Amino acid sequence: MCHCRFCQRATGSAYMVQPAFDASDFALIAGHPKIYTHVSEGSGKEIFINFCNTCGTKVFQTFERFAGSVGVYRGTLDDPNWLKVTPDNSKHIFLAVAQNETLVPAHTPVFKEHAAQNDGTPIAPMVFDTPQKRGDLTS
């Protein structure tokens with residue numbers, strides 16, 4: 001779950017749920033999306049937003065920073081619930097700019113910014129024992 005301001009604007013909501021896949025496990029089976037190139041405020045790297053050239057729906061993203069990965073807008077899946085979101089397969093990033101009303105689940109890795117530095121070095125997550133409201137967090 002990405003809480004950055006770009007994802008808030010892109011989805012019109014508090015955050016974007018974006019399962020990420022290896023590009024080799026992803027295939028577009030119909031259509032030819034248009035691509036909008038966005039430069040990330042955080043990393044300075046390009047993000048390629050692939051959207052339907054008929055209706056404008058954002059479908060997936062590829063990344064300069066994470067070559068070989070594809071992030072799918074979960075809400076565009078035929079059944080968005082087929083992918084179970086658990087503390088073991090998810091994380092919340094850019095919590096520093098999350099909306100104050102955002103609930104942060106217990107036992108899920110969360111990060112004030114991204115989960116990795118620009119060079120790919122992982123950043124240690126915060127993990128809470130109880131659910132938290134982002135606006136109540138002081139650290």
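This is a short dialogue on reading a predicted model, from its strands to its pockets.

Q: I'd like to begin with the strands. In which sense do E3 and E4 pair, and over how many bridges?

A: Happy to start there. Strand E3 covers 46-51, and strand E4 covers 58-63. The two pair in the antiparallel sense, over five bridges. To find the register, look for residues that face each other: Asn50 stands opposite Phe60 in E4.

Q: What should I look for in the turn between E3 and E4?

A: Look at the backbone angles there. E3 and E4 form a hairpin with six residues between them, and Gly56 in the turn has a positive phi of about 85°.

Q: How many bridges join E4 to E5?

A: Three bridges join them, and these strands run antiparallel. Strand E5 spans 69-72. Phe60 helps with the register here too, as Phe60 stands opposite Val72 in E5. E4 and E5 also make a hairpin, with five residues between the strands, where Gly68 takes a positive phi near 90°.

Q: Those positive phi values were in glycines. Which residue other than glycine has a positive phi near 60°?

A: That is Phe94, with phi near 60°. Phe94 sits in the loop between E5 and E6. A second case is His107, which is not a glycine and has a positive phi of about 65°. His107 belongs to the loop between E6 and strand E7 (132-133).

Q: Is Phe94 buried or exposed?

A: Here a cut-off helps: buried means under 20% relative accessible area, exposed over 50%, and partly exposed in between. Phe94 has 14% relative accessibility, so Phe94 counts as buried. His107, with a relative accessible area of 49%, is partly exposed.

Q: Let me turn to the aromatic rings. How many aromatic pairs does the structure hold?

A: The structure holds two aromatic pairs. To describe a pair, read the distance between ring centres and then the angle between planes. The rings of Phe26 and Phe60 have centres 4.8 Å apart and planes at 55°, so this pair is tilted.

Q: Which parts of the chain does the pair of Phe26 and Phe60 tie together?

A: Phe26 lies in the loop between E1 and strand E2 (34-39), while Phe60 lies in strand E4, so the pair ties together parts that are 34 residues apart in sequence. As for accessibility, Phe26 is partly exposed at 25%, whereas Phe60 is buried at 8%.

Q: Why does the pair of Phe63 and Phe66 count as edge-to-face?

A: The angle decides it: planes over 60 degrees apart count as edge-to-face. The rings of Phe63 and Phe66 have their planes at 80° and their centres 6.1 Å apart, so the pair is edge-to-face. Phe63 is buried, with a relative accessible area of 16%, and Phe66 is partly exposed at 30%.

Q: Where is Phe66 found?

A: Phe66 is in the loop between E4 and E5. Comparing positions along the chain with positions in space is a useful habit here. Phe66 and Asp78 are 12 residues apart along the chain, and their C-alpha atoms are separated by 25 Å. Leu83 and Gly71 are also 12 residues apart, with their C-alpha atoms separated by 13 Å.

Q: Which residues does Leu83 touch, not counting those up to four places away in sequence?

A: Leu83 touches Pro19 and Arg74. Leu83 itself lies in the loop between E5 and strand E6 (103-104).

Q: Finally, the pockets. How much space lies in the largest pocket, and which residues lie nearest its centre?

A: About 1,100 Å³ of space lies in the largest pocket. Its lining has 41 residues, and nearest the centre are Cys2, Gln18, Phe66, Ile93 and His114. H1 supplies three residues, the largest share of the lining. By class, that lining has 22 nonpolar, 12 polar and seven charged residues.

Q: What is the volume of the second largest pocket?

A: Its volume is about 510 Å³. Of the 19 residues that line the second largest pocket, Phe26, Ala27, Leu28, Ile29 and Val59 are the closest to its centre. The lining of the second largest pocket has 13 nonpolar, four polar and two charged residues.

Notes. Residues are numbered from 1 along each chain as its sequence is written. This is a predicted model: local features need pLDDT of at least 70, side-chain atom pairs count only at pLDDT 80 or more; totals for chains, interfaces and linings use all residues. Side-chain values use heavy atoms; hydrogens and water are left out. Helices (H or I, at least four residues) and strands (E, at least two) are DSSP runs, numbered from the N terminus. Buried means under 20% relative accessible area, exposed over 50%, partly exposed in between (1.4 Å probe, protein chains only). On a 1 Å grid over the protein atoms alone, a cavity is a set of points where a 1.4 Å probe fits but cannot get out, and a pocket is an open set with protein on both sides within 12 Å along at least five of seven lines; lining residues have an atom within 4 Å of a point. Grid points are joined across faces, edges and corners, and a volume is the space filled by probe spheres set on the points. Ala, Val, Leu, Ile, Met, Phe, Trp, Tyr, Cys and Pro count as nonpolar, Asp, Glu, Lys and Arg as charged, and the others, Gly among them, as polar. Two strands pair if DSSP finds at least two bridges between them. Rings of Phe, Tyr and Trp (its six-membered ring) pair if their centres lie within 6.5 Å; planes under 30 degrees apart count as stacked, over 60 as edge-to-face and the rest as tilted. Contact means heavy atoms within 4.5 Å.
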